[in-house]
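User: I would like a close look at a single part of this model, with the reasoning kept careful throughout. Please take the structure below as the basis.

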Amino acid sequence: MRIFVNGREKCYDDASHGTHVLGIIGGDGSCSDGRYKGIAPACRLLPVKVLDQHGEGEMENILFAIDWVIANIRRYQIRILNISAGGTRGELDGVADLQVKKV
């Protein structure tokens, strides 16, 4: 896990949102004897934390994390980027105009 908030180096989830989303995506069903699985249970996940324990953060951290993901596409064989974050209208002005290079 690569973290861009709170300066921690080890995995943690202080708001449970990340764990919830990762379970929806890649849960393998091991906690339910296979009854409940994510939509892609065999996928490999690389969580990147950008929000604090209140689900709040800075746009700068989100953009830094996106840059990190782009820079590490080949290293980690990243094929999909899910961003589970939102913001207010003023915070998101111009974000839709961002261009992401295809690597």
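How many nonpolar, polar and charged residues does the lining of the largest pocket have?

Analyst: In this predicted model, the lining of the largest pocket divides by class into 26 nonpolar, 7 polar and 5 charged residues. The pocket that this lining encloses has a volume of about 1,200 Å³, and among its 38 lining residues the closest to the centre are L22, L46, P47, V48 and N82. As for the elements that contribute, helix 1, strand 2 and helix 2 (59-71) each supply at least two residues of the lining, and the largest share, 6 residues, comes from helix 1. Rolling a probe the size of a water molecule over the atoms shows where empty space is left.

Helix 1 (17-26) also marks one end of a loop that reaches to strand 2 (48-49), and D33 lies in that loop. The backbone of D33 has a phi near 55 degrees, which is a positive value in a residue other than glycine. With a relative accessible area of 80%, D33 is classed as exposed, because exposed here stands for values over 50%.

A second residue can be described in the same terms: Q77, placed in the loop between helix 3 (73-76) and helix 4 (89-92), likewise has a phi near 55 degrees, again positive in a residue other than glycine. The relative accessibility of Q77 is 55%, and therefore Q77 also counts as exposed under the cut-off of over 50%.

Definitions and conventions
Residues numbered from 1 in each chain as written. Predicted model: local features only at pLDDT ≥ 70, side-chain atom pairs only at ≥ 80, totals over all residues. Heavy atoms only, no water. Helix = DSSP H or I, 4+ residues; strand = E, 2+ residues; numbered from the N terminus. Buried < 20%, exposed > 50% of the residue type's maximum accessible area, 1.4 Å probe, protein only. 1 Å grid on protein atoms, 1.4 Å probe; cavity = no way out; pocket = protein on both sides within 12 Å on 5 of 7 lines; lining within 4 Å. Points joined across faces, edges and corners; volume = space filled by probe spheres on them. Nonpolar A, V, L, I, M, F, W, Y, C, P; charged D, E, K, R; others polar.
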